[in-house]
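Here are my notes on the structure, arranged as numbered points that go from strand pairing to side-chain contacts and then to the surface. Please read them beside the coordinates.

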Amino acid sequence: MKKILHIFSVLNRGGAELRTLDLVTQFPKEYQFHFLCLSGKQGELDEKFLENGGSIHYINIREKGFIKKFRSIIRKEKIDIVHSHVFLISGYLNFLAKLENVKGRITHFRTSNDAKKKTISRILRNFILKIFVEIFSTDILYVSNVAKKRIISNKIIPSKHFVIHNGFDDSLFPTVIKDKEFVSVGRFIETKNQIFLLEVISILEKKYNTFIKIYFVGLDNTEYGDLFKKTIKDKNLDENVEIIGVIDNVPEYISEFKYFLFPTRLEGLPGALIEAHKAKCFVINSDIEENIEVNSFFEDSSIDLKLDPEIWAEKIKEVLKLSPLVDKQPSNDPFKIERNFLDVKNIYDKY
């Protein structure tokens with residue numbers, strides 16, 4: 001029995017958590033998975049992880065006694081591999097795992113940048129943690145080439161660093177009649193930038209006399225979600241917007257749409273964008289490097305645009321005239337669950 005401890009803040013419906021849930025279900029029973037939530041809080045996906053035979057531990061990293069509790073879990077459960085998904089703090093956690101003689105200590109970067117404000121103390125903290133990551137991690141994984149290039153630009157031990165793209169199960173994307181036009185997927189937070197699309201809708205109506213309706217999928221019970229709803233009212237766009245909220249069958253749902261809109265400002269590996277391609281949607285997205293990397297595998301069905309609502313409105317008007325159809329998937333698709341499973345299993349099997 002090989003025991004792996006995955007570390008998250010909380011098991012909510014995020015890209016890293018969902019992709020990890022998909023991944024662990026691929027492993028045979030000889031691999032036992034534990035999950036540690038550093039917030040000490042229960043999450044939306046707890047039941048799904050438990051259904052797959054996992055064990056969940058809750059300890060708050062900010063509370064007194066965390067170090068003792070963390071090391072105790074490793075010791076008690078006889079953990080063979082720590083697989084941490086919590087950005088640079090992973091370096092510190094793998095240092096503690098090293099003290100417990102854990103053989104495999106994996107830092108997995110699921111984003112390409114630190115989204116928090118860069119104060120002097122934050123820059124110093126990150127510098128120290130990057131050193132910890134390199135010294136105390138046995139393997140350093142990145143979800144994209146952009147993340148690998150950006151997070152630790154000067155690598156002490158290059159042989160530790162690998163890119164492993166997230167994997168998706170192609171069988172979850174049905175071939176159905178595309179009877180809806182525009183969809184956008186993402187949790188309602190500032191970096192997902194959904195309010196930008198309201199500006200685009202307004203320009204289409206006022207400048208081009210073109211009506212579109214966008215269906216928004218994702219957790220909307222947030223501060224940004226409230227601002228989004230207020231903006232809809234202020235701009236009188238109730239008929240242009242449908243907020244779907246959280247759903248379990250995203251691949252099946254978005255397969256019904258022709259066009260996917262993705263104005264995100266920050267990503268690691270944009271899972272929603274990959275799902276849109278696998279659902280055979282034509283994609284219009286922001287021109288951040290992470291999106292461009294994904295679209296390099298789907299060049300015939302994607303457009304990268306800078307975040308200017310005038311440009312987006314003009315392009316959407318053009319696309320509606322052309323009605324592009326997506327009828328095939330690339331032969332060199334790196335985002336398959338089978339490939340992701342083999343890559344991660346090969347790392348686990350070293351320990």
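1. In this predicted model, Ser184 has Phe216, a residue of β9, as its bridge partner. That pair belongs to the parallel pairing of β8 with strand β9 (residues 214–217), which extends over four bridges. The connection between the two strands can be followed as well, since β8, helix α7 (residues 194–208) and β9 make up a β-α-β unit that is right-handed.

2. Strand β8 (residues 180–185) also has strand β11 (residues 257–262) as a partner, and here the two run parallel and are joined by three bridges. Within this pairing, Lys180 is placed opposite Phe257 of β11.

3. Turning to the N-terminal strands, β1 and β2 are paired in the parallel sense, with seven bridges between them, and one of the residue pairs to inspect is Lys2 with its bridge partner Tyr31 in β2. Between these strands the chain passes through helix α1 (residues 15–24), and the resulting β-α-β crossover is right-handed.

4. Strand β2 (residues 31–37) deserves a second look, because under 20% relative accessible area is the cut-off for buried, and six of the seven residues in this strand are buried, which leaves the strand mostly covered. On pairing, β2 is also parallel to strand β3 (residues 55–58), over four bridges, and Cys37 has Tyr58 as its bridge partner in β3. The path from β2 to β3 leads through helix α2 (residues 46–51), again as a right-handed β-α-β crossover.

5. Which residue forms a salt bridge with Lys2? The partner is Asp349, and the closest N and O atoms of the pair are 4.0 Å apart; as the criterion is a separation within 4 Å, I would read this assignment with the cut-off in mind. The pair links distant parts of the chain, with Lys2 in strand β1 (residues 2–8) and Asp349 in the segment after α13 (337–348), 347 residues apart. The two ends differ in cover: Lys2 is buried at a relative accessible area of 17%, whereas Asp349, at 35%, is partly exposed.

6. Lys29 can be examined together with Lys2, since the two are 27 residues apart in sequence while their C-alpha atoms are 9.2 Å apart in space. Lys29 is located in the loop between α1 and β2, and its relative accessibility of 77% makes it exposed.

7. A further salt bridge joins the side chains of Glu289 and Arg150, with an N to O distance of 2.5 Å. Because Glu289 belongs to helix α11 (residues 289–295) and Arg150 to helix α6 (residues 145–150), this contact ties together parts that are 139 residues apart in sequence. Both residues fall in the partly exposed class, Glu289 with a relative accessible area of 35% and Arg150 at 29% relative accessibility.

8. By contrast with that link between helices, Asp234 and Lys230 form their salt bridge, at 2.9 Å from N to O, inside helix α8 (residues 223–234), where the two residues are separated by about one helical turn because they are four residues apart. Asp234 is exposed, at 52% relative accessibility. Elsewhere, salt bridges with shared partners connect Lys149, Arg150, Glu289 and Glu290 into one network. The count of salt bridges comes to 23.

9. How is His85 placed, buried or exposed? His85 sits in the loop between β4 (81–84) and α4 (89–99), and its relative accessible area of 9% makes it buried. Its side chain is joined to that of His6 by a polar contact of 2.8 Å.

10. On the surface, a nonpolar patch is formed by Leu124, Phe127, Ile128, Ile131, Ile135, Ile156 and Ile157, which together have about 630 Å² of accessible area. Ile131, one of these patch residues, lies in helix α5 (residues 120–136). Ile131 has a relative accessibility of 31%, so it counts as partly exposed, and since membership of a patch requires over 30% relative accessible area, its inclusion should be read with that cut-off in view.

How values were computed. Residues are numbered from 1 along each chain as its sequence is written. This is a predicted model: local features need pLDDT of at least 70, side-chain atom pairs count only at pLDDT 80 or more; totals for chains, interfaces and linings use all residues. Side-chain values use heavy atoms; hydrogens and water are left out. Patches are made of residues with over 30% relative accessible area and no salt bridge: like charges are joined within 9 Å, nonpolar side chains (Val, Leu, Ile, Met, Phe, Trp, Tyr) within 5 Å. Accessible areas come from the Shrake-Rupley method with a 1.4 Å probe; for residues, only the protein chains shown count as cover. Buried means under 20% relative accessible area, exposed over 50%, partly exposed in between (1.4 Å probe, protein chains only). Two strands pair if DSSP finds at least two bridges between them. A crossover is right-handed if, with the strands pointing away from the viewer, the path from the first strand over the helix to the second runs clockwise. A polar contact is a pair of N or O atoms within 3.5 Å; within protein, one must be able to donate a hydrogen and the other to accept it, and residues adjacent in sequence count only if both atoms are side-chain atoms.
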